[in-house]
Amino acid sequence: MKTKSFLIFLFTIGFTTAHSQTKVSGSKVYESVSLVKDDSTFLTLKDTAQAHLQTFIDSLNKYGRNTANYRFIIKSDFVEGDEHEHMWSLIFNYNHGDFKGIFIDSAFTIKNIKTGDKVIIKRESIEDWSIDNLITGKHIGYFSEMYINSKEN
């Protein structure tokens, strides 16, 4: 059991580094992307993610225990007071409308969540999702990826 926990910890650290909101390329630091409230393109992409969410759930139910070969992540809105940050969590389980996992992103303004914290996220709160096949390097989902990347400074 200790070996499994250690592997999940290493996996989480590795994934957090690869998918956090800060990214360093050479000497340039990329920071969190800001969108206007009710950004119509982002909301359309969220609707797309929601429309295809059953694909994520079905795959999670089938392959979710195979953490050596698959990674299931979701993006949702984390709120603290008037602050909102849209961040990623690694998901291990879905049951009765709730996704359970751990927070893997880096909050900029919200202080009530830290990398590695356990999370429960409601189905209707999902803004984006991805299934990463670690063997083939392919992924399904990431509906907002190109749009968000186009907003980076």
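Which side chains meet in a salt bridge at 3.0 Å, N to O? The side chains of Asp 98 and Lys 122 do, and this pair returns in one of the views below. Please keep in mind that the structure shown is a predicted model.

**Figure 1. The whole protein is built from 4 helices and 8 strands.** If you trace the chain along its sequence, you meet these elements in the pattern α-β-β-α-α-β-β-β-β-β-β-α. Of the 153 residues in the protein, 37% are buried. The protein exposes about 9,500 Å², and 53% of that area is supplied by carbon and sulfur atoms. Now consider contacts between residues at least 6 apart in sequence: 59% of them join residues at least 24 apart.

**Figure 2. An open sheet is formed by 6 strands with antiparallel pairing.** Going across the sheet, the order is β6-β5-β4-β3-β7-β8. Look for β6 and β8 (139-141) at the edges: each has a single partner strand, so one side of each is left without a neighbour in the sheet. On average, neighbouring strands of this sheet are turned by 35 degrees against each other, direction ignored. As a reminder, strands of a sheet pair through backbone hydrogen bonds, in either a parallel or an antiparallel way.

**Figure 3. Strands β3 and β7 run antiparallel and are joined by 7 bridges.** To find your place in this pair, start at Phe 72, which stands opposite Ile 131 in β7.

**Figure 4. Helix α2 (residues 40-51) packs on the sheet.** Which strands does helix α2 touch? Helix α2 touches β4 (83-95) and β7. The direction of helix α2 makes about 55 degrees with that of β7.

**Figure 5. Helix α3 (residues 53-63) lies across β3, β4, β5 and β7.** Helix α3 runs at about 45 degrees to β7.

**Figure 6. Arg 71 and Asp 132 meet through their side chains in a salt bridge.** The N to O distance here is 3.1 Å. This pair links distant parts of the chain, with the two positions 61 residues apart in numbering: Arg 71 belongs to strand β3 (residues 70-80) and Asp 132 to strand β7 (residues 126-133). Are these two residues buried or exposed? Arg 71 has a relative accessible area of 13%, so Arg 71 is buried. Asp 132 also counts as buried, because its relative accessibility is 6%. The cut-off to remember is that buried means under 20% relative accessible area.

**Figure 7. Asp 98 and Lys 122 form the salt bridge from the opening question.** Their side chains meet at 3.0 Å, N to O. Asp 98 lies in strand β5 and Lys 122 in strand β6 (residues 118-122), so the pair ties together parts that are 24 residues apart in sequence. How do the two partners compare in accessibility? Asp 98 counts as buried because its relative accessibility is 18%, whereas Lys 122, at 42%, counts as partly exposed. By the rule used here, the count of salt bridges comes to 2.

**Figure 8. Asp 98 sits among several contact partners.** Strand β5 covers residues 98-103, and Asp 98 lies in this strand. Which residues does Asp 98 touch, not counting residues up to four places away in sequence? Asp 98 touches Asn 93, Ile 120, Ile 121 and Lys 122. One of these, Lys 122, is the salt-bridge partner of Asp 98.

Conventions:
Residues numbered from 1 in each chain as written. Predicted model: local features only at pLDDT ≥ 70, side-chain atom pairs only at ≥ 80, totals over all residues. Heavy atoms only, no water. Contact = heavy atoms within 4.5 Å. Salt bridge = Lys/Arg side-chain N within 4 Å of Asp/Glu carboxyl O. Buried < 20%, exposed > 50% of the residue type's maximum accessible area, 1.4 Å probe, protein only. Areas by Shrake-Rupley, 256 points an atom, 1.4 Å probe, with all protein chains shown as cover. Pairing = 2+ DSSP bridges. Axes fitted to C-alpha atoms, helices over the stretch in contact; angles between N-to-C directions.
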